[in-house]
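Subject: Structure for your review

Dear colleague,

Please find below the sequence and structure that I am handing over to you. My findings follow directly after it.

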Amino acid sequence: MMIRKGLGKINFEKVKISVAPIITLQTLMNIAAVILGAFLFSIGVNLFMIPGNLGDGGVSGLAIIILYAFDISPAISTLVLNGILLIIGFRFLSRRGMYYTIFAVIMMSVFLGITEPWVVQTNEVMLNVIFGGLFLGLGNGLVIRIGATTAGSAILGRIANKYLDVKISNAVLVFDLMVITLGLTVLTIEQVLLTVVAMYINVKVMDFMIEGMNPKKAITIISQHPEVLGKLINSEIGRGVTMMNGKGFYSREENDILYVVINKSKLTRLKRLIQKYDEDAFVVVNDVNSVLGSSFV
């Protein structure tokens with residue numbers, strides 16, 4: 001069947017319509033991670049940071065300053081401030097990252113509003129510092145881990161990276177320090193210093209969420225018996241091994257180098273195996289942030 005329209009022809013017999021699921025299981029898991037991350041972040045702000053009269057960095061820090069100065073809910077101020085930053089910096093995010101970031105910003109504002117009446121009263125401000133930083137790090141880490149951002153200083157960091165040629169992490173740190181310094185208008189020096197401690201905990205927990213949850217180790221082995229060790233790693237550890245050519249700088253002797261990536265739980269077993277069959281082997285163990293491949297599930 002063909003329809004002629006003007007000078008063009010449309011052949012409907014050659015038109016193929018494919019219907020594929022738009023929402024995958026991974027997408028649902030990412031959405032759940034954003035929701036949980038936004039909730040944990042809101043707990044950190046409303047249950048610990050604000051009751052402890054503490055601040056924060058980035059947009060949430062500005063929102064807390066606005067709360068202390070003008071009694072405006074962080075749920076409103078974070079939505080407005082992040083919305084402005086998203087408009088300014090939308091070109092610096094991928095389409096996928098932008099969708100998740102917008103969703104994360106909305107969820108954070110929603111949960112900041114829901115948890116606003118929730119308060120944990122403590123007589124020790126260090127509990128607020130520790131648990132505030134913990135929950136902020138958990139929330140931020142979950143959101144960033146799936147490829148989104150929490151907007152705020154993360155977008156400003158990308159802009160600074162493009163136009164000023166500075167590292168994003170360094171730019172984010174500068175913006176956060178500027179917000180903390182601004183917090184001196186409504187906070188005492190002691191409260192600002194405690195906020196810095198909470199932010200340090202936040203960063204460490206966030207780093208663990210992003211990188212430390214992948215318990216993989218990369219092992220480089222220089223041995224006089226590479227064939228034997230390679231076969232043993234295959235059979236007893238159950239991992240594939242890559243053999244690379246190497247040459248000693250001083251001796252100029254060529255030797256095969258083994259490279260293998262294993263789960264952290266098998267590291268001790270691998271070390272014992274190497275020591276058993278080659279006590280003189282030179283072994284280097286490196287942390288692995290991410291592993292892609294069908295052999296790793």
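Asn53 is partly exposed in this predicted model, because its relative accessible area of 39% falls between the limits of 20% for buried and 50% for exposed residues. Asn53 is located in the loop that joins α1 and α2. Its phi is near 55°, which is a positive value in a residue other than glycine.

A further positive phi, near 60°, occurs at Asp71, again in a residue other than glycine. Asp71 belongs to the loop between α2 and α3 (74-89). With a relative accessibility of 65%, Asp71 is over the 50% limit and therefore counts as exposed.

As regards the interior, the largest nonpolar core comprises 24 residues, of which Val45 and Ile146 touch the most other members. Two or more residues of this core come from each of α1 (25-49), α2 (58-70), α4 (95-114), α5 (125-145) and α8 (189-212). Leaving aside residues up to four places away in sequence, Val45 is in contact with Ile50, Pro51, Ile64, Leu112 and Leu136. Another core, of 14 residues, lies apart from the largest one; among its members are Ile219, Ile233, Ile262 and Leu267.

Finally, strands β4 (residues 242-247) and β5 (residues 254-263) are paired in the antiparallel sense, over six bridges. Asn245 has Asp256 in β5 as its bridge partner. Six residues lie between the two strands of this hairpin, in which Arg252 adopts a positive phi near 60°.

With kind regards

Methods: Residues numbered from 1 in each chain as written. Predicted model: local features only at pLDDT ≥ 70, side-chain atom pairs only at ≥ 80, totals over all residues. Heavy atoms only, no water. Pairing = 2+ DSSP bridges. Helix = DSSP H or I, 4+ residues; strand = E, 2+ residues; numbered from the N terminus. Core = buried A, V, L, I, M, F, W, Y, C linked by side-chain atoms within 4.5 Å. Buried < 20%, exposed > 50% of the residue type's maximum accessible area, 1.4 Å probe, protein only. Contact = heavy atoms within 4.5 Å.
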